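Colleague: Please take me through the aromatic rings of this model closely, and set them against the rest of the chain. I would like the overall picture first, and a few individual residues afterwards.

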Amino acid sequence: MEIRSAYEEDFSELLSFYNRMCNVLGEQDFLPEGDKGGFPSEAMIQESIAMKAQFVGIEDDKIVAAYIIDHKCDSAYDSVQWQVNVKKEEVMILHALRVLPEYTGRGYSKQLVRHAIQTSKETGQKAIRLDCIEGNDIPQKMYQSLGFQYIDSVRITYPDIGVPRNFLLYEILL
């Protein structure tokens, strides 16, 4: 899988990719209310592409994986004690890491996270932080296997989910 920054020309395919992944995730037990479309939003994808914060994994001439990494996070991140106390501009937040179901089991999620770590190191960042909804155990194990430390659990109401949920916060120092 080739990992690269997303281009403006990727927008339509990327939007379809994320919409499909919302449908897939909406079927999971940790989201009992069903389909949770709308994350990331069209605006977030467009902004992430423009800011060079949207990355895609390409195989078979199509987007099979993607993630966003930037400095934006929910205010709940401010309520916990992180491993390192640094400015928000020195910490990257990992969002919307997804791999198409037919491409799972190939280590693509780990490749994306390693890419995010390397990219963040190259830009002088001090840490990467992320949240993972309670019950979504597979990515939590993967993040920990790559060196992310569990920090705390917080309640967050993301617009696409619509109700407060417990999210586990993780951090890796760079």
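Modeller: What follows goes from the whole protein to the rings, and then to single residues.

This is a predicted model: local features need pLDDT of at least 70, side-chain atom pairs count only at pLDDT 80 or more, and totals for chains, interfaces and linings use all residues. Numbering starts from 1 along each chain as its sequence is written, and side-chain values use heavy atoms, with hydrogens and water left out.

The protein has 4 helices and 7 strands (DSSP runs numbered from the N terminus, helices being H or I with at least four residues and strands E with at least two). Read from the N terminus, the order of these elements is β-α-α-β-β-β-α-β-α-β-β. The C-alpha trace spans about 40 × 40 × 30 Å along the principal axes. The radius of gyration is 15 Å, which agrees with the value near 16 Å for a compact globule of 174 residues (taken over C-alpha atoms, the rule being 2.2 Å times the number of residues to the power 0.38).

Of the 174 residues, 47% are buried (buried is under 20% relative accessible area, exposed over 50% and partly exposed in between, with a 1.4 Å probe and protein chains only). Among contacts with a separation of 6 or more, 70% join residues 24 or more positions apart (a contact is heavy atoms within 4.5 Å). The protein exposes about 8900 Å², and carbon and sulfur atoms supply 47% of that area (Shrake-Rupley method, 1.4 Å probe). There are 18 positive and 27 negative side chains, and the centres of the two sets lie 5 Å apart (Lys and Arg are positive, Asp and Glu negative, with His and the chain ends not counted; each charge is placed at NZ of Lys, CZ of Arg, CG of Asp or CD of Glu).

Now the rings. The structure holds 7 aromatic pairs (rings of Phe, Tyr and Trp, the last by its six-membered ring, pair if their centres lie within 6.5 Å; planes under 30 degrees apart are stacked, over 60 edge-to-face and the rest tilted). One of these pairs is Tyr-143 with Tyr-170, which is tilted, at 6.5 Å centre to centre and 40° between the planes. This pair links distant parts of the chain: Tyr-143 belongs to helix H4 (residues 137–145) and Tyr-170 to strand E7 (residues 165–173), 27 residues apart. Tyr-143 counts as buried because its relative accessibility is 7%. Tyr-170 is buried too, with a relative accessible area of 1%. Ring pairs also bring in Phe-148 and Tyr-150, so that these residues form a cluster with Tyr-143 and Tyr-170.

Away from the rings, Pro-40 sits in the loop between helix H1 (11–26) and H2. With a relative accessible area of 3%, Pro-40 is buried. Leaving out residues up to four places away in sequence, Pro-40 touches Tyr-18, Ile-45, Ile-68 and Ala-96. The C-alpha atoms of Pro-40 and Leu-15 are 8.5 Å apart, although 25 residues separate them along the chain.

Ala-96, one of the residues touched by Pro-40, is in strand E4 and has a positive phi of about 50° although it is not a glycine. Most residues other than glycine have a negative phi. Ala-96 is buried, at 6% relative accessibility. Lys-52 also has a positive phi, about 60°, and is not a glycine; Lys-52 lies in the loop between H2 and strand E2 (54–59).

Ile-68, another residue touched by Pro-40, is also touched by Ser-48, along with Ala-53 and Gln-54, residues up to four places away in sequence again not counted. Ser-48 is in helix H2 (residues 42–50), and counts as buried at 4% relative accessibility.

Two further residues are partly exposed. Glu-102, in the loop between strand E4 (91–99) and helix H3 (108–122), has 37% relative accessibility and so counts as partly exposed. With residues up to four places away in sequence not counted, Glu-102 touches Arg-20 and Lys-62. Gln-111 is in helix H3 and is partly exposed at 28% relative accessibility. Under that sequence limit, Gln-111 touches Met-1, Ile-3 and Arg-106. The C-alpha atoms of Gln-111 and Ile-3 are separated by 8.5 Å, with their positions 108 residues apart along the chain.
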